[in-house]
Amino acid sequence: MAETGQSQSTGPGGEAIPKGFRSAEQGWPELHRIPHPPYRVPLLGDVLGAGVRTPVQDSMRVARRLGPVFRRKGFGKEIVFVWGAEQVAELSDESRFAKHVGLGVANLRPVARDGLFTAYNHEPNWQLAHDVLAPGFSRSAMQGYHPLMLDVARGLMERWDAGEAAGDPVDVPGDMTKLTLETIARTGFGYDFGSFERSRPHPFVTAMVGTLSFAQRRNVVPPPLTPLLLRGATKRNAADTAYLNRTVDEVIARRREGGGGDEGAGAGGTGDLLDRMLETAHPETGERLTSDNIRRQIITFLIAGHETTSGALSFALYYLARNPQILARAREEVDRVWGAAPEPAYEQVAKLRYVRRVLDESLRLWPTAPAFAREAVRDTTLGGEHPMRRGAWALVLGLMLHRDPAAWGQDAEEFDPDRFEPAAVRARPAHVYKPFGTGARACIGRQFALHEATLVLGLLLRRYDLHAEPGYRLRVAERLTLMPEGFTLRLTRRSGPGPAASASAPTPASEPESAPAPAPASDDAEPPGQGQCPHSAVLTTPRRATPS
Ligand code: HEM
């Protein structure tokens, strides 16, 4: 695999490019050829019509006006955005580009430092942690997590049953967030936040949301004004970070005292992610993660492992509730594939191909991690017309890539899961679907998220009729991720075939549908013959040289 590392970036004359935010002027010598919105305000930039709370949705509007490569400037920070299918395919070429840790990702560094998500490509702990943790996302590991995922889903359904009985609407994003946080905390670290039993969020969750919101605010407040405008928030953020660290240290200490994970669920019974971090040495070098790095990884997984999946589930439920025919088709599949089994076995989840397409399509229209950044690993030219110096970077606006009519057709704004029929996927060019990022730094938790979300959607479709509030119009909130805002559902317990499958009903001896698990639908699927682990290709990445 191509070298994707980046040591200290340098400009054309070999001079070091300063660390910290690199404005586009520093790396794009012909920046003037890239369009920007009219009416630039001196010093402030492209602020007319821009909303502090909706930078991503604002960028969608600008993208539609200015085309596949454009730039925006705010308070001296100039950013190039790219969303055209051809240009994104180039940015996905790992011999020319790599992940860029900037903007919101870099703002998480004070809390997550060189954890997997926020590590710079050259930091040795990225490769070490990646190699140690990737088997924790293999197919066999997933099989181990399945019973715990079911257990957490039971907690959600108890809560929803109570809501249904009381005639109350349920808060979809709120409950999905509880579910996904519990799932990663329990499967990864044997930690139970008790989210469904609490009326208020666990303090850890409040602190985590606090640090995420702070990171988001730092994106839009110019650094010189930070001490003035964010003084109180900076203090609160320090307290939140300290609380996160203390809690995680307790989890680690408890595990060290008590031996393996209480609910040890990892691959082949070797424990969960925490066991893996504490006990596994790198297979080639024998190196181990340090205590401080383990702390960073736990915080990373708790953050990266829940908000995005929670949003994906919420959008999928929104579209299901809005499209009765699609819902009926998805439910018919669940009833047929799961039959009278009280709860699905691991293998029965991947057989929900249509439900999975509903998820794929939801993540197309609203990729909950809506953008990711790529930087040039050498001097290059984007699209044959935009020269970039090594270290120059662009933000890939997945949200618009996924709506590019050139790749997705004139009806790209419509919700249609059939776009992910295998033949339709094969007919599309590569690199037009990137909800999980790209290359060596793509999402390590992809299969985890898809298994969890497909399982939960299947369970909910089987148990409830979903009724959206008639007056609700989709509003999308932006934190570091996207989430439907104020979205509630009214529920009724089904009386059809699924729920009638009572808890005492036996699991059928033969499954109703015995075809092998479907090939992943997206263009970022693993190459054939590499099993289900999304990162099996990446696992063989040669170790990078540590920069001098
Ligand atoms: C629908 C759910 C999810 C979405 C849409 C998503 C999206 C992404 C994206 C776009 C990236 C790349 C970011 C970049 O290039 O800067 C990423 C990386 C990552 N994700 Fe996810 N993610 C999801 C679920 C999860 C889950 C469940 C976990 C953990 C259990 C997880 C852990 C991570 C980690 C650790 C990275 C960093 C990988 C690396 O750089 O080596 N994600 N994710």
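The following paragraphs describe the domains, the sheets, a helix pair and the ligand surroundings of a predicted model.

In this predicted model, the protein chain is divided into domain 1, which comprises residues 24-112 and 370-401, and domain 2, which comprises residues 131-367 and 405-539. The contact between the two domains draws 28 residues from domain 1 and 30 residues from domain 2. On the side of domain 1 that touches domain 2, the elements giving two or more residues are helix H1 (55-66), helix H2 (85-91), helix H3 (103-107), helix H4 (109-112) and helix H17 (398-401). By class, this side of domain 1 holds 17 nonpolar, eight polar and three charged residues.

One open sheet is formed by five strands in the order E1-E2-E8-E5-E3, and its pairing is mixed. Strand E1 (69-74) and strand E3 (97-99) occupy the edges, each with a single partner strand, so that one side of each is left without a neighbour in the sheet. On average, and with direction ignored, neighbouring strands of this sheet are turned by 35° against each other. At the E3 edge, the pairing with strand E5 (residues 371-376) is antiparallel and extends over three bridges, and lysine 99 stands opposite arginine 374 in E5. Helix H1 packs on this sheet, where it touches E1, strand E2 (77-82), E5 and strand E8 (393-397), and the direction of H1 makes about 135° with that of E1.

A further open sheet consists of three strands in the order E4-E12-E9, with antiparallel pairing. Strands E4 and E9 are the edge strands, each pairing on one side only. Strand E4 (residues 170-171) is joined to strand E12 (residues 488-493) by two bridges; valine 170 has leucine 489 of E12 as its bridge partner, while aspartate 171 stands opposite threonine 488 of E12. On the other edge, strand E9 (residues 464-468) pairs with E12 over five bridges, and leucine 466 of E9 faces leucine 491 of E12. Two helices lie across strands of this sheet: helix H6 (residues 139-166) crosses E4, E9 and E12 and runs at about 85° to E12, whereas helix H13 lies across E9 and E12 and runs at about 85° to E9.

Helix H14 (residues 324-338) packs against helix H20 at an angle of about 100°, with the two axes 9 Å apart. Because angles from 65 to 115 degrees count as roughly perpendicular, H14 and H20 are classed as roughly perpendicular to each other. Their contact is made by Ala330, Arg331, Val334, Asp335 and Trp338 of H14 together with Gly458, Leu461 and Arg462 of H20. The contact of H14 with H20 is made up, by class, of four nonpolar, one polar and three charged residues.

The ligand is surrounded by 26 residues, of which Gly305, Thr308, Gly437, Cys443 and Gly445 come nearest. Elements giving two or more residues to this shell are helix H12 (291-304), helix H13 (307-322) and helix H20 (446-463); of these, H13 is also the helix that lies across E9 and E12, and H20 is also the packing partner of H14. The residues of the shell divide into 16 nonpolar, eight polar and two charged. Domain 1 and domain 2 both give residues to the shell, and the ligand therefore lies between them.

Methods:
Residues numbered from 1 in each chain as written. Predicted model: local features only at pLDDT ≥ 70, side-chain atom pairs only at ≥ 80, totals over all residues. Near = placed C-beta within 6 Å. Helix = DSSP H or I, 4+ residues; strand = E, 2+ residues; numbered from the N terminus. Nonpolar A, V, L, I, M, F, W, Y, C, P; charged D, E, K, R; others polar. Domains from an automatic or database assignment. Pairing = 2+ DSSP bridges. Axes fitted to C-alpha atoms, helices over the stretch in contact; angles between N-to-C directions. Parallel < 35°, antiparallel > 145°, perpendicular 65-115°, else oblique. Contact = placed C-beta atoms within 7 Å.
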